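Open the model in your viewer and keep the selection panel at hand. This tour goes from stop to stop, saying what to select and what is there.

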Amino acid sequence: GLIPGADQPDEEVWAVAHLMEPGALDNASGVAVSVEALRALAAMIERGVLPPPSRTIRAVHDYEMFGSIDLLESHTTGRPVAGLYLDVIGSRSQVTPVLYWYDAPPMCPAWANGIGWECFRRSVRLVDAGYRLARRPWPEWVPSPMADPKWGFPAAWPTTIHPRAERIYSAYHSSADTMDLLSRPALGQAAIASAACLYMLACVGDEGLVHDAVQGFVAGQ
């Protein structure tokens with residue numbers, strides 16, 4: 001799915017989620033949040049609350065790692081310039097009490113990190129999902145095909161996965177990863193923040209459009 005860009009449609013901002021994982025939290029949650037973020041943006045654009053973004057916003061639902069590499073190798077419809085990983089998000093705070101914002105891997109350009117962090121920081125004020133919010137560098141143990149210098153576009157990662165691999169939630173990659181791990185307010189918060197982040201990334205470089213976007217999000221919150 002995509003929202004076409006009005007001025008630079010060949011430049012794309014990606015909402016990346018992994019479709020082929022069987023868990024509710026990992027990663028039906030990421031797919032659901034990306035779909036809802038694009039649905040909300042499309043509705044606001046159709047109502048005239050937001051102008052169309054300058055760049056194209058695309059929902060990319062792939063198979064993790066090897067599927068991502070194949071997608072990057074074969075994608076020909078536009079050039080990704082920034083993105084957002086939506087992987088393991090929207091859990092109940094009793095499962096994981098911290099919503100982490102991981103900046104894009106350090107080999108990527110850093111310009112997108114502050115935009116996304118601000119969108120998620122403000123979303124915590126709008127929707128109380130019971131989280132604390134923390135900003136961290138990209139975890140060393142997590143690979144990112146998008147960050148490879150061959151493509152090298154910044155894609156940060158909002159998630160409820162702990163930065164230390166040994167402290168991931170207990171149902172991780174098992175049949176215990178079921179719907180009862182999810183929180184409706186947390187999923188809503190993630191969708192709001194993701195929509196704002198994707199739209200802002202798609203408008204960077206056009207100060208007037210960014211100003212209109214801020215006013216539109218306030219009006220349509």
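Select Tyr-63 first. In this predicted model, Tyr-63 has 52% relative accessibility. Exposed means over 50%, so Tyr-63 counts as exposed. The residue sits in a loop, with strand E3 (55-62) on one side and helix H2 (66-74) on the other.

Now add Leu-19 and Met-20 to the selection. Together with Tyr-63 they make up a nonpolar patch on the surface. The accessible area of the three together is about 340 Å².

**Strand E4**

Next, select residues 79-85. This is strand E4. Is it enclosed or open? Six of its seven residues are buried, so the rest of the structure largely encloses the strand.

Which strands pair with E4? Show E2, residues 8-18. E2 and E4 run parallel and are joined by six bridges. To find one facing pair, pick Glu-11 and Arg-79: Glu-11 stands opposite Arg-79, which belongs to E4.

Then show E7, residues 155-159. E7 also pairs with E4 in the parallel sense, here over two bridges. Pick Leu-84 and look for its bridge partner in E7: that is Ala-156.

**Leu-198 in helix H4**

Stay with Leu-84, and bring up Leu-198, which is in contact with it. Leu-198 is part of helix H4, residues 184-203. Buried or exposed? Its relative accessibility is 0%, so Leu-198 counts as buried.

Which residues does Leu-198 touch, leaving aside neighbours within four places in sequence? Select Val-13, Trp-14, Ala-15, Ala-37, Leu-38, Ile-57 and Leu-84. Each of these is in contact with Leu-198.

For a distance check, pick Ala-24. From C-alpha to C-alpha, Leu-198 and Ala-24 are 23 Å apart in space. In sequence, 174 residues separate them.

**The cysteines**

Last stop: how many disulfides does the structure hold? Zero. Select Cys-119, which is in no disulfide. Its nearest cysteine sulfur belongs to Cys-197, 5.2 Å away. A disulfide needs two cysteine sulfur atoms within 2.5 Å. Cys-119 has a relative accessible area of 12%, and so is buried.

Finish on Cys-203. This residue is in no disulfide either. The nearest cysteine sulfur is that of Cys-119, at 11 Å. With 0% relative accessibility, Cys-203 counts as buried.

Notes
Residues numbered from 1 in each chain as written. Predicted model: local features only at pLDDT ≥ 70, side-chain atom pairs only at ≥ 80, totals over all residues. Heavy atoms only, no water. Patch = residues over 30% accessible without salt bridge, like charges linked within 9 Å, V, L, I, M, F, W, Y side chains within 5 Å. Areas by Shrake-Rupley, 256 points an atom, 1.4 Å probe, with all protein chains shown as cover. Salt bridge = Lys/Arg side-chain N within 4 Å of Asp/Glu carboxyl O. Helix = DSSP H or I, 4+ residues; strand = E, 2+ residues; numbered from the N terminus. Buried < 20%, exposed > 50% of the residue type's maximum accessible area, 1.4 Å probe, protein only. Pairing = 2+ DSSP bridges. Contact = heavy atoms within 4.5 Å.
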